[in-house]
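Welcome to the tour! Open your viewer, get the selection tool ready, and follow along stop by stop.

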Amino acid sequence: MFRKYFIILIFIVSCEPQEASNIYKAPNSPKYIETFTGLKFLDDTQIISIKSSLEDFLNVENIKLNENFSFYINIQDIPNYIDCGYMNEEIYVKYIDRIFGSSLKATLDIDIEKEEDFYKINDLMINYLFMSEETGTRWRFKTNNPKELLVGNPVYDDNPYRICLSKNVLERKIINILKRKNEYS
């Protein structure tokens, strides 16, 4: 008799809808940024000035503008540069850092050419790697190209994808450094 009621109780409990305690909200639609700078006729002095300004801004030493270079963003600054939406009312990148620890690595690629006695800067691209330290989950995305990642254990009855994208803040700051050095050097 007890066994019959126990089976009925298990059946009733298993049919109850699970409560979704976490709700993920994707970031707003990505905003496209024009990264073509079209800067021409930069001389050696201007290039040295751009290199120095980028090293100061990014806190990186010995940048070679004709090679890609990587740098890490301070943990507290990550939400200023990327948007991965919200978990409940908390910014998702802060949620990931609070639960698992996180890091953000950016690799800057500046398309620069030397033509005779001057340089030409055509374009720039930033490749981002946002990573959950504990789980090893990685979001790889680029300027103007968000990443949608399938997470292994989504909250009950929720979209299993998490989207990360650049806010284009870093891109705008770098473009401003490039253009300012072109105008005032």
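## Stop one: the largest cavity

Select Pro30, Lys31, Lys142, Asn144, Asn145, Pro146, Leu165, Ser166 and Asn168: together they line the largest cavity. Keep in mind as you look around that this is a predicted model. The space inside this cavity comes to about 40 Å³. How many cavities of 30 Å³ or more are there? The count is one. Now try colouring the lining by class: you should find three nonpolar, four polar and two charged residues.

## Stop two: a pocket

Next, clear your selection and pick Phe57, Leu58, Asn59, Phe71, Tyr72, Ile73, Asn74, Asp77, Tyr81 and Leu170, which line the second largest pocket. This pocket holds about 170 Å³ of space. Two elements each give two or more residues to its lining: helix H2 (44–58) and strand S3 (69–73). Which of the elements gives the largest share? That is S3, with three residues. Colour by class again, and the lining of this pocket shows seven nonpolar, two polar and one charged residues.

## Stop three: the nonpolar core

Keep Phe71 and Leu170 selected from the pocket lining, and add Ile82, Tyr92, Leu108 and Phe130. These six are the residues with the most contacts inside the largest nonpolar core, which has 44 residues. To see where the greatest contribution comes from, select strand S8 (residues 118–132), which gives six residues to this core.

Now zoom in on isoleucine 82. Leaving aside residues up to four places away in sequence, what does isoleucine 82 touch? Its contacts are Val93, Leu104, Tyr128, Phe130, Phe141, Leu165, Ser166 and Lys167. Two of these may look familiar: Leu165 and Ser166 were also part of the lining of the largest cavity.

## Stop four: a sheet of three strands

For the last stop, switch to a cartoon view and find the open sheet of three strands, in the order S1-S5-S6, with antiparallel pairing. Strand S1 (24–25) and strand S6 (90–91) are at the edges; each has a single partner strand, so one side of each has no neighbour in the sheet. Select S5 (residues 86–87) together with S6 to see an antiparallel pair joined over two bridges. Which residue in S6 does tyrosine 86 stand opposite? Show the side chains, and you will find isoleucine 91 there.

How values were computed
Residues are numbered from 1 along each chain as its sequence is written. This is a predicted model: local features need pLDDT of at least 70, side-chain atom pairs count only at pLDDT 80 or more; totals for chains, interfaces and linings use all residues. Side-chain values use heavy atoms; hydrogens and water are left out. Two strands pair if DSSP finds at least two bridges between them. Helices (H or I, at least four residues) and strands (E, at least two) are DSSP runs, numbered from the N terminus. On a 1 Å grid over the protein atoms alone, a cavity is a set of points where a 1.4 Å probe fits but cannot get out, and a pocket is an open set with protein on both sides within 12 Å along at least five of seven lines; lining residues have an atom within 4 Å of a point. Grid points are joined across faces, edges and corners, and a volume is the space filled by probe spheres set on the points. Ala, Val, Leu, Ile, Met, Phe, Trp, Tyr, Cys and Pro count as nonpolar, Asp, Glu, Lys and Arg as charged, and the others, Gly among them, as polar. A nonpolar core is a set of buried Ala, Val, Leu, Ile, Met, Phe, Trp, Tyr and Cys residues joined through side-chain atoms within 4.5 Å. Buried means under 20% relative accessible area, exposed over 50%, partly exposed in between (1.4 Å probe, protein chains only). Contact means heavy atoms within 4.5 Å.
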